[in-house]
Every structure is written in structure tokens, then in C-alpha cells.
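Thanks for asking me to look this one over. Here are my notes, as numbered points you can follow with the model open beside you.

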Amino acid sequence: MTTPTILILAGKRDGKLDPLAEKAGVSHKAVVPIRGKPLIQWVLEAAEAAWPDAPILVSIHDPAVLEGLEIVQRLTADGRLRFPQAQHGIVESLEAAVAEGGAFPLLITTGDNVLVTPEALRRLHDEAVAAGAGAALSIASREQILAAHPEGQRRFYEFRDVAISNCNAYWLRDRAALRAAESFRGGGQFIKTPGAILKAFGLWNLIGFRRKWWNLDKAMANLSRRFGVRIAPVFVTDGALAVDVDNERTYRIAETLLESRKPNG
């Protein structure tokens, strides 16, 4: 089976300093400490362990902020780690990483996805390949997430058969699948901004989403037709994976979950 390239998005959203970074006195959110490590170190450890030879790209505005990390030094010395320049948006950063030689299939996660595991990354890749997908995303059900932590998420994407949240891990088979990434131009926070759903998915999908016309499979089929790419949802086995570090509240939750799921760091 093929080995993916792992892309970690760790830039400044819209070029602005994140409030958590400002509070911690650092220039990038990716180096905000949590349980004794920078956020991104947890992600890099999972990426390193997922495959012994997978190339790893970190899209960041200033790679120098990571130079002091032993894992960065080791992966760089091994020739596994490169730093494409982060751009002002998610899609633009993705396009820049691909232009600089990011090979497909491409597995994408974020520098604040501290609960991600090697097993979760491998599961996404393996399930996407097995499904013959052009693009795939890791998701968790509301029940999985609330079982992990009662405040793990407060909002969900509601379908007729299930309510879900994404787990900040995505997979693209080839360049043609980049069309599916258009849904994240501007940040991908659809649940908070109906206008973003309209722009990315179209009026019919916006109406169907709001009225819960479809089950999850039907909704994914509709989106697959819109983008011309077969999109596969891949459920995780642990709802904690839907928690990333977005703000003070989720920082505290992630800290608690790290202690229980990764007690030895």
C-alpha cells in the first residue's frame, strides 16, 4: 500500500496572531505549550510514528520558531521534514505545499490537533484507499465525542441519521482531489457561517443541510457530485480526536484528555 505525505498546517490564520499564542507570549500558536510540549510536537510525534518513511511537511510562516525542538532536528536530519511557506489561508497554504513538491496521496492535519494518534492517521489513509475515494475526512459522531468529554464539542453537523464533527484530518488522493479542498477556502467554519456553506457547496446543499433532508451518505454523495471527487467519511474510534486547541475552553479540555490518553507524553 502507498505511503502518504503528511502535511501539518501550522500557519497564522489570515496572518494574525492567535489569542492563545499572544497569551503564551509566542509568535505562533503551534508552539503554545500544553502539558510540557508545544502543540505541534504532539502532532509531529504522531506523524513520525504513523509510518517509518512518510515525508512530513509543516506549513508555517516562520520555521525558525521550531528549530529548537529535538524532533524537528531529528526529522530534518533524516530528510523527512520540510517547511513550505504558509500563506494567508488554508487552501492557499495547501496549494503552496503541493507546488513545492508535496507528493500525493496527501494526508492533512493541523498543528493544534494534539490528540491525533498514529493509528488515527493510518486508519484515515487505509479506509480512504480501500473505499477508492478521491478525498476523505476523519469524523466522529456526537455520541463518540460526548463520551470522551461532555464539553468536547458544542456544535455539530446534523444529518438525518447522525450528528458529527470533523477531526481535523483530511486525505487527498491526487491533484484532481484539490477541488474538494475548495470547501475550506476562508477557514471551513461552515457551521458558524451559512454564507460559507452557500459559497462552497451551493444553494441546494445549503438548504438540504439546514433542513436535514439527507443522511450522511447521501450528503457526501451530493458533495462528491458537486466537486467531481468521491468524498468518503471515515469514522474514528475515539471521539476525543474531534477536540483540537481552538480557544481557552478547548485548550483545557485537550489538556485533560491528553493526561488520560497520553499520560506518558
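1. Let me start with empty space inside the protein. This is a predicted model, and a search of the whole structure turns up 1 cavity of 30 Å³ or more. The space in the largest cavity comes to about 30 Å³.

2. Which residues line the largest cavity? They are N113, V116, A120, L121, S138, C167, A169 and L241. Sorted by class, this lining has 6 nonpolar and 2 polar residues, with no charged ones. Two elements, helix 5 (118-131) and strand 9 (163-172), each contribute at least two residues to the lining.

3. L121 deserves a stop of its own. This leucine belongs to helix 5 and is one of the residues lining the largest cavity. Is L121 buried or exposed? L121 counts as buried because its relative accessible area is 2%, where the cut-off for buried is under 20%. In sequence, L121 and W51 are 70 residues apart, yet their C-alpha atoms are separated by 9.3 Å.

4. Now for the nonpolar core. The largest one has 33 residues, and I8, I40, L44, I56, V58 and L66 have the most contacts inside it. At least two residues of this core come from each of strand 1 (5-9), helix 2 (39-50), strand 4 (56-59), helix 3 (70-77), helix 5, strand 9 and strand 10 (231-235). Which element gives the most to this core? That is helix 2, with 6 residues. Note that helix 5 and strand 9 turn up here as well as in the cavity lining.

5. If you like charges over rings, have a look at K37. This lysine lies over the face of W42, 4.2 Å from the ring centre. K37 is in strand 3 (residues 37-38). K37 is classed as buried because its relative accessibility is 12%, with under 20% as the limit for that class. Along the chain K37 and G265 are 228 residues apart, but from C-alpha to C-alpha they are 8.6 Å apart in space.

6. There is another charge over a ring to show you. R142 sits over the face of F156, at 5.6 Å from the ring centre. As for rings paired with rings, the structure holds 0 aromatic pairs.

7. Next, some backbone geometry to check by eye. Most residues other than glycine have a negative phi, and most peptide bonds are trans. Against that background, the bond joining F104 and P105 is a cis peptide bond, with omega of about -5°. P105 is in the loop between helix 4 (90-99) and strand 6 (106-110).

8. Where is R35, which has a positive phi although it is not a glycine? R35 is in the loop between strand 2 (33-34) and strand 3, and its phi is about 50°. R35 counts as partly exposed because its relative accessible area is 30%, a value that falls between the cut-offs of 20% and 50%.

9. N168 also has a positive phi, near 55°, in a residue other than glycine. The setting of N168 is strand 9. N168 is classed as buried because its relative accessibility is 13%. If you are stepping along strand 9, C167 and A169 are both among the residues that line the largest cavity.

10. Finally, a visit to the exposed residues around helix 4. H88 lies in the loop between strand 5 (81-82) and helix 4. H88 is classed as exposed because its relative accessible area is 53%, and the cut-off for exposed is over 50%. The C-alpha atoms of H88 and H61 are separated by 9.4 Å, with the two residues 27 apart along the chain.

11. A99 is in helix 4 itself. With a relative accessible area of 67%, A99 is exposed. Measuring from C-alpha to C-alpha in the model, you should find A99 and P84 9.1 Å apart in space, and they are 15 residues apart in sequence.

How values were computed: Residues are numbered from 1 along each chain as its sequence is written. This is a predicted model: local features need pLDDT of at least 70, side-chain atom pairs count only at pLDDT 80 or more; totals for chains, interfaces and linings use all residues. Side-chain values use heavy atoms; hydrogens and water are left out. Rings of Phe, Tyr and Trp (its six-membered ring) pair if their centres lie within 6.5 Å; planes under 30 degrees apart count as stacked, over 60 as edge-to-face and the rest as tilted. A charge sits over a ring if NZ of Lys or CZ of Arg is within 6 Å of the ring centre and within 35 degrees of the ring normal. On a 1 Å grid over the protein atoms alone, a cavity is a set of points where a 1.4 Å probe fits but cannot get out, and a pocket is an open set with protein on both sides within 12 Å along at least five of seven lines; lining residues have an atom within 4 Å of a point. Grid points are joined across faces, edges and corners, and a volume is the space filled by probe spheres set on the points. Helices (H or I, at least four residues) and strands (E, at least two) are DSSP runs, numbered from the N terminus. Ala, Val, Leu, Ile, Met, Phe, Trp, Tyr, Cys and Pro count as nonpolar, Asp, Glu, Lys and Arg as charged, and the others, Gly among them, as polar. A nonpolar core is a set of buried Ala, Val, Leu, Ile, Met, Phe, Trp, Tyr and Cys residues joined through side-chain atoms within 4.5 Å. Buried means under 20% relative accessible area, exposed over 50%, partly exposed in between (1.4 Å probe, protein chains only).
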